[in-house]
Amino acid sequence: GDSSRQLMQSLDQDVTVYYLCETGSEDAIITKLLDHYADESGHFHWEQKDPALYPTFAAQYGAENASTGSLIVVSGENSEVLNAAELYEYDYSDYYTTGAANVTFGGEKQISSAIYKLTAAAESHAYYTTNHGEQALTSSLTEALKAQNIDAQPLDLLTGTIPEDCDLLIISDPASDFAADGLVDEIAQLQAYLENGGKVLLTTSGYTETPNLDAVMAQFGLAREPGLVVEGDSGHSLSGYPYYLLPDYAEDTGSGTLDGIDTSRRVLLQMAQGITLTETEGVTSEPLLVSSESSYSKTAGYEMTTAGQEEGDPDGPFTLAAYASNNATGAKVIWVNCGNMDNEAVYQTVPGNVTFLQGCAAALAGQEGTTLVESKALEAAPITIPNHTAAALGLVFVLILPAAVLAVGAVVVLLRRRR
């Protein structure tokens, strides 16, 4: 894929992959993939090691228990073992209806991730806040961060402080504001972290008011636009759901935040608010995601009775995700004013959400490039689908999946209201 190709073309360290496989039992998909890696970089080499001929070879890399078909990725004195079972992914969700598992090849994702981790700068440390009703990071996002050499761990500011090794603080859709007084002043901790050049990735919901966090963002010239953004352009929203936005990526971002993101992938923002950027002395800010010129903001917000534009609803376009940095301290923030962006159900139909968040985290944490590679077969023969199956698939993609996404959003809203 393009991500792996870019990774190999930027490779400046030697990497060797050892394929533990008996002679005559090679997996053609794996050998062909390794050949493709070698074609892209003179720093990449691979060798096959037959366990029958070299029974103790894997032990020097701590892989004495690795099964046949496993890979050992080596760069300098560092190595990583990819067990054969990790190279293919099995989905049994349809087993009881079809009697078969869906198999996808995840070897490229695993190999590229290992190469990046072995050759990139030191591992970055991210912490995501808890105890404010935050949305837990999905496994898809944490895996994407791991592939980007970013380790993410939970952090409770009520019982602890921001660690010195925190390269990135993630605040994911809090259901309550951060404390600014009392026994624990969380905002003071956040302010001190930013004054020392900290990096923050913030996602928020239009349903939850967080004036203390908003005040911190105001120091970077960022503020909420009242209401909820609705699209008037059907090409920028899910069909039938004008408040489920498919925004554009901003052009010519000077920060380089979008450089490592595949901007050909659409991003889905459900029930999002706009962000106002105000020129602020000593601060550089820019939009990352924007709605179309046909969009408008429903000032009634969640109390709207119609999605149509009414008198008093301001016209777009609106910034939906923004970047800002303090030129003096080096502090950087990215604010996505949509709380449900990190969502497994959404990723099934709109994978651009996870690549966007991964790229934002990488840019803030100082990990260049994006190494997220989708699991897939290297080559696949065309599949002939019967008419009745095609009709069923059409129903799924046109009606059921959008409805599922809508249901997820509705559940989040109801849960928030009950709080």
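Student: Why is Thr-257 called buried?

Tutor: In this predicted model, Thr-257 has a relative accessible area of 3%, and a residue counts as buried when that value is under 20%, so Thr-257 is called buried.

Student: Where does Thr-257 sit along the chain, and which residues is Thr-257 in contact with, leaving aside its neighbours within four places in sequence?

Tutor: Thr-257 belongs to the loop that joins strand E15 (248-249) to strand E16 (269-270). With the neighbours within four places in sequence left aside, its contacts are Leu-288, Tyr-323, Ile-334, Gly-359, Cys-360 and Ala-363. For one of these, Leu-288, the separation is 31 residues in sequence, while the C-alpha atoms of the two residues are 8.1 Å apart in space.

Student: How do you know that Asn-149 counts as buried, and what makes Asn-131 partly exposed?

Tutor: Both answers come from setting a value against a cut-off. The relative accessibility of Asn-149 is 5%, and buried means under 20%, so Asn-149 counts as buried. For Asn-131 the relative accessible area is 46%, and because the range between 20% and 50% is the one called partly exposed, Asn-131 is described in that way.

Student: What is the phi of each of these asparagines, and where do they lie?

Tutor: Asn-131 has a positive phi of about 75°, although it is not a glycine, and Asn-149, which is not a glycine either, has a positive phi of about 70°. Asn-131 is in the loop that runs between strand E7 (124-129) and helix H5 (139-147), whereas Asn-149 is in the loop between H5 and strand E8 (150-155).

Student: Why are helices H1 and H4 called roughly parallel?

Tutor: The axes of H1 (residues 2-9) and H4 (residues 107-119) come within 10 Å of each other and cross at roughly 30°. Angles under 35 degrees count as roughly parallel, and H1 and H4 are therefore given that description. Their crossing is left-handed.

Student: Which residues make the contact of H1 with H4, and how do they divide by class?

Tutor: From H1 come Ser-4, Leu-7 and Met-8, and from H4 come Glu-108, Ser-112, Ile-115 and Tyr-116. By class, this contact has four nonpolar, two polar and one charged residues.

Student: What makes H6 roughly parallel to H7?

Tutor: Helix H6 (residues 186-195) and helix H7 (residues 211-218) have axes that come within 11 Å and cross at roughly 20°. Since the cut-off for roughly parallel is an angle under 35 degrees, H6 is called roughly parallel to H7. The crossing of H6 and H7 is right-handed. In this pair, Ile-187, Leu-190, Gln-191 and Leu-194 of H6 meet Asn-212, Leu-213 and Val-216 of H7, and these residues divide into five nonpolar, two polar and no charged.

Student: Which peptide bond is cis, and where does its proline lie?

Tutor: The bond from Gly-316 to Pro-317 is cis, with omega near 5°. Pro-317 lies in the loop between strand E19 (296-298) and strand E20 (319-326).

Student: How many helices and strands are there in the protein, and what percentage of its residues are buried?

Tutor: The protein has 10 helices and 21 strands, and buried residues make up 46% of its 419 residues. Among contacts between residues at least 6 apart in sequence, 75% join residues at least 24 apart.

How values were computed:
Residues numbered from 1 in each chain as written. Predicted model: local features only at pLDDT ≥ 70, side-chain atom pairs only at ≥ 80, totals over all residues. Heavy atoms only, no water. Axes fitted to C-alpha atoms, helices over the stretch in contact; angles between N-to-C directions. Helix = DSSP H or I, 4+ residues; strand = E, 2+ residues; numbered from the N terminus. Parallel < 35°, antiparallel > 145°, perpendicular 65-115°, else oblique. Left-handed = near helix turned anticlockwise from the far one by under 90°. Contact = heavy atoms within 4.5 Å. Nonpolar A, V, L, I, M, F, W, Y, C, P; charged D, E, K, R; others polar. Buried < 20%, exposed > 50% of the residue type's maximum accessible area, 1.4 Å probe, protein only.
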